[in-house]
Every structure is written in C-alpha cells, then in structure tokens.
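Reader: Please take a close look at one loop of this model, the one you would check before anything else for backbone geometry. After that, set it against the rest of the chain, including the interior.

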Amino acid sequence: MMIASALVPVFFVMALGYFAGKRGIVDNVNIKSLNMFLMMFALPAALFTAIASTPRDVIVQNASLMGVLAISLLVVFVVMALVQYKLFKLGQADGAVQTLTVSFPNFASIGLPLLVGMYGNQAALPVAIAIATGSVTISPLTLTLLELSKNKGDEGGSKVAQFLGALRKSVSKPIFIAPMLAVILALSGFQIPVIASKSLSLIGQATAGAGLFLTGLILSAQPFRINGNVILGVFLKNIAQPLLAAGVVRLLQVPQPMAAQVVLLIGIPAGFFGLVFGAGYGSRPAVAGSTLVASSLFSIVSLAVAIALVAPQ
C-alpha cells in the first residue's frame, strides 16, 4: 500500500497529461508557457520555502546526508553523460536531458509520500535536502550543457570561455538561485515572514502536479520504445545508484534512520526534471521519455526490495 500510494498518484497525473495531449485538449507541442511557469515560478518557490524554513542546526546535522546524496547523483551523472556522448552518440542537448533523467530521482513527486508514510512528518526535511542537493549540483551542470548546445554555432571565444558563459547563464536562473538563497538564509538564522512563506508555498504547491502533467504532455508527443539506452538507464537509476548510495552510507558510517532514508530517496525512479529542462531548449528525446516510464514501472519491484531491506521494522 505504501508503494501504491506513492506511485499511483504519479502515474495518474502523468496519464492525465498524456490523455490531454493525445486528444488535443492541451497542445503537446507548444508547451513553453507551462514549462516557464514551472521552472521560473512554481519549482523555485517550492524549493525556497522548504529549505528556508529549516532550522540551521538541522541543516548542519544533515551535512552527511547532503554528502551522500551529492556523491550518488554526481557519479551517475558523469557516467551517464560519458555513455550518452561516447557510446550512444546523442547530441549535446538530448544527451544532457537523458543524463539528468537517469541521475536525478523523482524526489518532488514520490519522495514526500514515501518517506512521510514510513517515518512521519519529520521525513519532509530529507526530501527537501535531496531536491536542494540536486538543484545545486547536477541541475546547473545540465543547464550548462543545454546552454552550450544552444550556442553551439557561436565561434566567439575559447571553449573555456563558452563553458563559463553557459555556466553563468545556468546559475543565474531561479531554479539555482532560489535553493542557494534559501540555504544562506537558513544558515544565517533569518526567519522568513509568515505572509511571505504562505504566499510562496501557495504557488510552490503546484510544482509536483504541474511537472507530472507537463511530463505526460511531452510523452504524448513521443513514441515509447525499449532499447539499449533505456535498459542501461533503468539499470543505473533503479539498481546501481541506490547500491552506490548504500556503499557510501556504509563507508561514511551514516547513522540510522538517516542511512535508510538516503538509500530510499536514491532508490526513487527517474524524475521529470530532464524532460522539463529540455523542453525549454527544444530538446525532447524519446529515449528520455521511455526511460522515465520504464524506470517508474520497474520501481514497483526495485523500491519494494529497497523498502524490505532498509525500512524500520
């Protein structure tokens, strides 16, 4: 029931978006407005309120959690990027989208109901930390690759200058600025005014639903195919990444229940951020959509195994 309560709502909202796109109720090609709403307003607001309201000592206590998450995300991101560009020969933008799809779990939609159902309301903090960690590590790297692909025809400046220019653009976006500013405010002990927090929370609550609906829209315009890239992506996301997290947890001797929580978070299936990011740059690779669906379906098995192994008895 715990797994069903986490996955069924996700597939339901994605299915709504897919149905709306297939039937022509909502345009599944011209999705820039919905994407801009999500990336410029809803998601940054959700990240900001979740992190800024966290007490400073709690953030310090969860430093090891952030470390394990960062290692688990970055290692798979680098491996997946090399595979996309060297083995499967994907274009820079499509490869970046597929890489983020595999390396960034669906924390926003599955993490909260999964962990809160197992550990209570206090488990909302690890989920917020997980989203923030991905937002300040692999998200800006992906945006940098997408910016480079957009400016590929420009010959001005060296490769280093082009990379730094793309990186500057990626870290100037709200999706990066919001969680970074929230961390600074939380560590400084500054209390966000209640009316500001409620205002941002109101729009932030739309993040998961809008993101999944948008993902369904994108998938409705693409074929679903299983190939070597999809199979490898599911293996890395659903099996290799949580095993890596479990190894790092053991190496760093992370205490319980934090150790179990981070393994469960990393074991969550592929997320929609890759496709959402790519939509803003005209990149919608079918392989990323197929990987997203396949990873979510396989997680019924992989998450069940993870819960059986690490869940509190």
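Author: Pro257 sits in the loop between helix 13 and helix 14. The model is a predicted one, and the values below are computed from it. The peptide bond that leads from Gln256 into Pro257 is cis, its omega being near 0 degrees.

Gln253 belongs to the loop between helix 13 and helix 14 as well. Its backbone phi is positive, about 55 degrees, although Gln253 is not a glycine. As for the surroundings of Gln253, its relative accessibility is 68%. Exposed means over 50%, so Gln253 counts as exposed. The loop thus carries a cis peptide bond at Gln256 to Pro257 and a positive phi at Gln253.

The helices on either side give the loop its setting. Helix 13 covers residues 228–252 and has the highest mean pLDDT among the elements of the chain, 94. At the other end of that scale is helix 9 (residues 159–171), with the lowest mean, 71. For the chain as a whole the mean pLDDT is 83, and 92% of the residues reach 70 or more. Helix 14 (residues 258–266), on the far side of the loop, supplies eight residues to the largest nonpolar core, which is the largest share of that core.

A second case of positive phi lies elsewhere. Lys89, not a glycine either, has a phi of about 55 degrees. Lys89 is placed in the loop between helix 4 (63–87) and helix 5 (92–103). With a relative accessibility of 61%, Lys89 counts as exposed.

Now the interior. The largest nonpolar core, to which helix 14 contributes, holds 67 residues, and Leu69, Phe107 and Leu115 have the most contacts inside it. Another core lies apart from it, with seven residues, including Phe48, Ala52, Ala132 and Ala182.

Two cavities of 30 Å³ or more are counted in the model. The largest encloses about 80 Å³. Its lining consists of Ile51, Thr54, Ile59, Met66, Leu125, Ile129, Ala132 and Val183. Helix 7 (residues 124–136) gives the most to that lining, three residues. By class the lining has seven nonpolar residues, one polar and no charged. Ala132 appears in this lining and also in the seven-residue core.

The second largest cavity has about 60 Å³. Around it are Phe104, Pro105, Asn106, Phe107, Ala108, Ile131, Gly271, Phe272 and Phe273. Seven of these lining residues are nonpolar, two are polar and none is charged. Phe107 links this cavity to the packing described above: it is part of the lining and one of the residues with the most contacts inside the largest core.

Finally, the overall frame in which the loop sits. The chain contains 16 helices and zero strands. Its radius of gyration is 18 Å, close to the 20 Å that the globule rule gives for 313 residues, so the chain is as compact as a globular protein of that length. The C-alpha trace spans about 50 × 40 × 40 Å along its principal axes. Of the 313 residues, 50% are buried.

Terms used:
Residues numbered from 1 in each chain as written. Predicted model: local features only at pLDDT ≥ 70, side-chain atom pairs only at ≥ 80, totals over all residues. Heavy atoms only, no water. 1 Å grid on protein atoms, 1.4 Å probe; cavity = no way out; pocket = protein on both sides within 12 Å on 5 of 7 lines; lining within 4 Å. Points joined across faces, edges and corners; volume = space filled by probe spheres on them. Helix = DSSP H or I, 4+ residues; strand = E, 2+ residues; numbered from the N terminus. Nonpolar A, V, L, I, M, F, W, Y, C, P; charged D, E, K, R; others polar. Core = buried A, V, L, I, M, F, W, Y, C linked by side-chain atoms within 4.5 Å. Buried < 20%, exposed > 50% of the residue type's maximum accessible area, 1.4 Å probe, protein only. pLDDT = per-residue confidence, 0-100. Rg over C-alpha atoms; globule rule 2.2 N^0.38 Å.
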